[in-house]
Amino acid sequence: MTHHQRLLIIDFGSQVTQLIARRARELNVYCEIHPYQKVTERFLRDFAPQAVILSGGPASVTDEGAPRPPAAVFELGVPVLGICYGQQVMMQMLGGRVERGHGTAEFGRAWVTPTGEPLDLLEGWFGQGREQVWMSHGDHVSSIAPGFRVFGTSPGAPFAITADPARHFYAVQFHPEVHHTPGGRKLLENFTRIAGFAGDWTMGAYRQEAIRKIREQVGDKRVICGLSGGVDSSVAAVLIHEAIGDQLTCVFVDHGLLRQGEAEEVVTMFRDHYNIPLIAADESERFLGELEGVSDPETKRKIIGRLFIDVFQKYAGDIEGAEFLAQGTLYPDVIESVSFSGGPSVTIKSHHNVGGLPEKMGLKLVEPLRELFKDEVRALGRELGLPESFIRRHPFPGPGLAIRCPGEITREKLEILRRADAIFIDQIRRHGLYDEIWQAFVAILPVKTVGVMGDGRTYDYACALRAVTSVDGMTADYYPFSHEFLGETATRIINEVQGINRVTYDITSKPPGTIEWE
């Protein structure tokens, strides 16, 4: 979206850089995250940012070859905010000094107190004479750069807030973007106001610009869209249909691993509400046949991913003139596909997607959501008039129930799992908790346990309930159900689902666990 005022976030590898972008977007400011290696002088000229934020990061500016932005960042004549590592690299490059720990490291909550000198960045920020912040630093600034003054201190950071007001350069040792800095939004709001952002990043404007871009890209060609029924693919499909009408054909694949009634619900909504050309492909026998006897989770994911490619190839061949494939790729997917250091990263689990399709099928990609976060996709869905029942749906993984069925997948276990999952979600809805929870589901465990029902012995499966709260799925915590809720839900599952005689609740956070079981 090239004509918006743009905030540039230079990434030095912080685990929470995405949160900076999220906070900016919440303030209706368009921003992009780019790894420091990509930000050259030419890049800066072409991007023409209205302001720049330097992120935190794990490196030490005292190390040889430490990450740093080009010096031209400080010659643009725009406001610059350095956060944590960003503060340190700013100080070092502009003439200050940074030293290793030596007893001044701070990790976790800390309190910053003002020096008393006013600063536009801090307007309306300090509350009861001090402000809670979140620190995460080992190195510290030992000498500030010429032109800078101190505006806030903490027990471990005598230069917690520094600034050169004349040049609108600001530097903080803490992380204003995280939840544990309660007033951080106000500080970032002040920074965007100082930079002169008009707050022109709205879903109404995005909708019109996205439609224009889709029409320019596609022309009179045809587009196929893999429709899962999730929020991302549903919003993408409706947006593209608004842009090009019947040039779009959606393909919904029932791989036999969907939740109870899901295939009928998705197909009905799109055929009845949107009249979008839709191929409903029942390929369950093919998927379940190839998954038979497979228990390794990575093998399951790879089989499912390969079969999706095969199925899309099969149906794409029936759509004359199809030159584009639509995907619901989001901005976090784009960010995470670029390692800030360029180094290898550990694969926790393979993510199912259709990224391999275009090259294999000779198709070009249409990704109208690739600049949006999840909450923005939901906002766009409302702008497009999607039913709230779809917009608020919990995320559902591409491999479906396959990764909620540890061990070998069987049709019997899938049916048991569907019934138990439907009861759990029904309970959550009955108690008015659905919108408080990011994701909830049942996993059927690969063990059987002894029970007693009606004075008789049972030997049936155990299951685990899983419900988490999260902002974007990057981190998560378990939802604190009451014991009454858990007891009532367990009783319903055991009484109503033949094949389960034991119910547990998973209280693992992410990290160290993942949200899904496989």
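Partly exposed means a relative accessible area between 20% and 50%, with buried under 20% and exposed over 50%. All views below show a predicted model.

**View 1. His 168, a residue with positive phi in a strand-to-strand loop.** His 168 is partly exposed, because its relative accessible area is 30%. The residue sits in the loop that links β10 (157-164) to β11 (169-172). Its phi is near 60°, a positive value in a residue other than glycine.

**View 2. Asn 28, in the loop between α1 and β2.** Here α1 covers 17-26 and β2 covers 30-35. Asn 28 is not a glycine, yet its phi is positive, about 60°. How accessible is Asn 28? Its relative accessible area is 33%, so Asn 28 counts as partly exposed.

**View 3. Helix α9 and its N-terminal cap.** Helix α9 runs over residues 297-316. Its 20 residues, at 1.5 Å a residue, should span 28 Å. The end C-alpha atoms lie 29 Å apart, which agrees. Asp 296 caps the N-terminal end of α9. A side-chain oxygen of Asp 296 is 3.3 Å from the backbone nitrogen of Glu 298. Buried residues in α9 include Ile 303, Ile 304, Leu 307, Phe 308, Ile 309, Val 311 and Phe 312. Lys 300 and Arg 301 are also among the buried residues of α9, as are Gly 305, Tyr 315 and Ala 316.

**View 4. The packing of helices α5 and α6.** Helix α5 (residues 203-218) packs on helix α6 (residues 231-244) at an angle of about 65°. Their axes are 9 Å apart. The crossing is right-handed. From α5, the contact uses Arg 207, Ala 210, Ile 211, Ile 214, Arg 215 and Val 218. From α6, it uses Leu 239, Ile 240, Glu 242, Ala 243 and Ile 244. By class, this contact of α5 with α6 holds 8 nonpolar and 3 charged residues, and no polar ones.

**View 5. The packing of helices α14 and α15.** Helix α15 (residues 483-496) packs against α14 at an angle of about 145°, and the two axes are 10 Å apart. This crossing is right-handed. On the α14 side, the contact is made by Ala 420, Ile 423, Phe 424, Asp 426, Gln 427, Ile 428 and Arg 430. On the α15 side, Phe 485, Glu 488, Thr 489, Arg 492, Ile 493 and Glu 496 take part. The contact of α14 with α15 counts 6 nonpolar, 2 polar and 5 charged residues.

**View 6. Phe 424 and its surroundings.** Phe 424 belongs to helix α14 (residues 411-430). Is this side chain's residue, Phe 424, buried or exposed? Phe 424 is buried, because its relative accessible area is 0%. Beyond its neighbours within four places in sequence, Phe 424 contacts Ala 440, Phe 441, Val 442, Leu 465, Arg 466, Ala 467, Phe 481, Phe 485 and Thr 489. Among these partners, Leu 465 is 41 residues from Phe 424 in sequence. In space, the C-alpha atoms of Phe 424 and Leu 465 are 7.8 Å apart.

**View 7. Cis peptide bonds at Pro 511 and Pro 512.** Pro 511 lies in the segment after β20 (500-505), and Pro 512 lies in that segment too. The peptide bond joining Lys 510 and Pro 511 is cis, with omega about -15°. A cis bond also joins Pro 511 and Pro 512, with omega about 10°.

Note on methods: Residues are numbered from 1 along each chain as its sequence is written. This is a predicted model: local features need pLDDT of at least 70, side-chain atom pairs count only at pLDDT 80 or more; totals for chains, interfaces and linings use all residues. Side-chain values use heavy atoms; hydrogens and water are left out. Helices (H or I, at least four residues) and strands (E, at least two) are DSSP runs, numbered from the N terminus. The expected span of a helix is 1.5 Å times one less than its number of residues. Buried means under 20% relative accessible area, exposed over 50%, partly exposed in between (1.4 Å probe, protein chains only). A polar contact is a pair of N or O atoms within 3.5 Å; within protein, one must be able to donate a hydrogen and the other to accept it, and residues adjacent in sequence count only if both atoms are side-chain atoms. Contact means heavy atoms within 4.5 Å. Axes are lines fitted to C-alpha atoms, for helices over the stretch in contact, and angles run from 0 to 180 degrees between N-to-C directions. A crossing is left-handed if the near helix is turned anticlockwise from the far one by less than a right angle, and right-handed if clockwise. Ala, Val, Leu, Ile, Met, Phe, Trp, Tyr, Cys and Pro count as nonpolar, Asp, Glu, Lys and Arg as charged, and the others, Gly among them, as polar.
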